[in-house]
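This report walks through one protein model for a reader who is meeting it here. Please keep the sequence and the structure in view while reading.

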Amino acid sequence: MITGYRLQRPICFLFQTANNRSKLKLRYEQKYLGCRHTSNNYDDVKVKDNIYTIPNALSLSRIIMSPVIAYSVINGEHSIALALFSVAGFTDFLDGQIARRFPSQRSLLGSIIDPIGDKMLMGFTTASVWYSGLMPSWLMCIILGRDIILLSAGLAVKYKSLDKFSLKGLFNVADGTIEVKPGWHGKINMCLQLGAVVSCLGAPIWSLQDSSYLQGYLVITGVMGVYSLVQYILTYKKVMGKIHSKPHWMEDSKKKS
């Protein structure tokens with residue numbers, strides 16, 4: 001599901017005055033996240049988020065299905081696991097379409113649980129397929145390690161752009177300051193990874209364990225994963241350079257001391 005928070009936010013947002021930044025945040029949440037506010041002053045805003053939406057229900061179902069799929073893979077029920085994985089993947093496509101076409105179905109909660117559902121689905125399935133000996137260890141490390149590194153890089157950018165440090169602010173997606181949109185390499189990598197997981201999961205069903213074509217495809221997936229990771233790291237490095245050298249809250253604490 002692609003909701004408002006996952007849309008690109010301009011870097012110039014970082015260099016607005018405090019008053020203008022508050023107005024931008026307010027306008028952004030109203031337009032893209034579908035949030036209703038009780039005040040025009042962002043500092044006094046109380047967000048009323050619509051959590052009862054179809055995309056949220058689909059994302060929640062994906063979160064619930066993830067450990068079930070992993071359990072099925074580990075117990076050798078590959079057909080059931082493959083069917084559930086296909087259904088979960090379809091829910092990801094469906095909630096995205098609904099959120100795009102119907103603004104009333106967008107929500108702040110959806111912008112949080114949708115990526116969580118995606119990562120849980122890929123994480124649980126990849127780990128269980130590797131544990132069952134259907135995926136090589138090096139590919140599992142690339143797929144899961146890439147997600148961990150990108151998550152850490154995103155938190156680092158968020159940490160550096162905070163006006164005042166707090167754990168709530170660090171993990172508050174509604175107050176995000178910048179987004180790195182997926183490039184062509186990220187989209188191709190995601191398609192290759194999905195294909196790799198499905199192929200490994202279906203290998204016992206289709207008798208592909210010793211297929212040279214499958215092994216070649218997995219190598220291509222691994223190479224693309226590393227290339228995509230390097231490109232994202234370079235992008236995050238540029239982003240970090242455009243943010244003020246030190247967080248405002250660190251500068252303020254030094255002045256007080």
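How many salt bridges does a search of the whole structure find? The search finds six salt bridges, a salt bridge being a side-chain nitrogen of Lys or Arg within 4 Å of a carboxyl oxygen of Asp or Glu.

The model is a predicted one, in which local features need pLDDT of at least 70 and side-chain atom pairs count only at pLDDT 80 or more, while totals for chains, interfaces and linings use all residues. Residues are numbered from 1 along each chain as its sequence is written, and side-chain values use heavy atoms, with hydrogens and water left out.

**Overall build**

The protein has nine helices and zero strands, where helices (H or I, at least four residues) and strands (E, at least two) are DSSP runs numbered from the N terminus. Of its 257 residues, 41% count as buried; here buried means under 20% relative accessible area, exposed over 50%, and partly exposed in between, with a 1.4 Å probe and protein chains only. Among contacts (heavy atoms within 4.5 Å) between residues at least 6 apart in sequence, 72% join residues at least 24 apart.

**Salt bridges**

Three of the salt bridges are set out below with the distance between their N and O atoms.

| Pair | N to O distance |
|---|---|
| Arg62 and Asp118 | 3.1 Å |
| Asp147 and Lys119 | 3.2 Å |
| Arg146 and Asp147 | 3.8 Å |

Arg62 lies in helix α2 (residues 54-74) and Asp118 in helix α4, so their salt bridge ties together parts that are 56 residues apart in sequence. Arg62 is buried at 0% relative accessibility, and Asp118 counts as buried at 18%. Arg62 and Asp118 also belong to a network of salt bridges that links them with Asp92, Asp95 and Asp114.

Asp147 appears in two rows of the table, with Lys119 as one partner and Arg146 as another. Because Asp147 lies in helix α5 (residues 137-161) and Lys119 in helix α4, the pair ties together parts that are 28 residues apart in sequence. Asp147 is buried, with a relative accessible area of 16%, and Arg146 is buried at 5%, whereas Lys119 is partly exposed at 45%.

**Aromatic pairs**

A pair of aromatic rings is described by the distance of the centres and the angle of the planes. Rings of Phe, Tyr and Trp (its six-membered ring) pair if their centres lie within 6.5 Å, and planes under 30 degrees apart count as stacked, over 60 as edge-to-face and the rest as tilted. By this rule the count comes to two aromatic pairs. Phe90 and Phe93 form a tilted pair, 6.3 Å from centre to centre and with 35 degrees between the planes; both lie in helix α3, three residues apart, which is about one turn of the helix. The rings of Trp184 and Tyr227 have centres 6.0 Å apart and planes at 40 degrees, so this pair is tilted. Since Trp184 lies in helix α7 (residues 184-206) and Tyr227 in helix α8 (residues 212-242), the pair ties together parts that are 43 residues apart in sequence. Trp184 counts as exposed at 53% relative accessibility, while Tyr227 is partly exposed at 35%.

**A loop residue**

Gln105 lies in the loop between α3 (78-101) and α4 (108-131), and it counts as buried at 18% relative accessibility. Not counting residues up to four places away in sequence, Gln105 touches Thr53, Ile54, Pro55 and Ile98.
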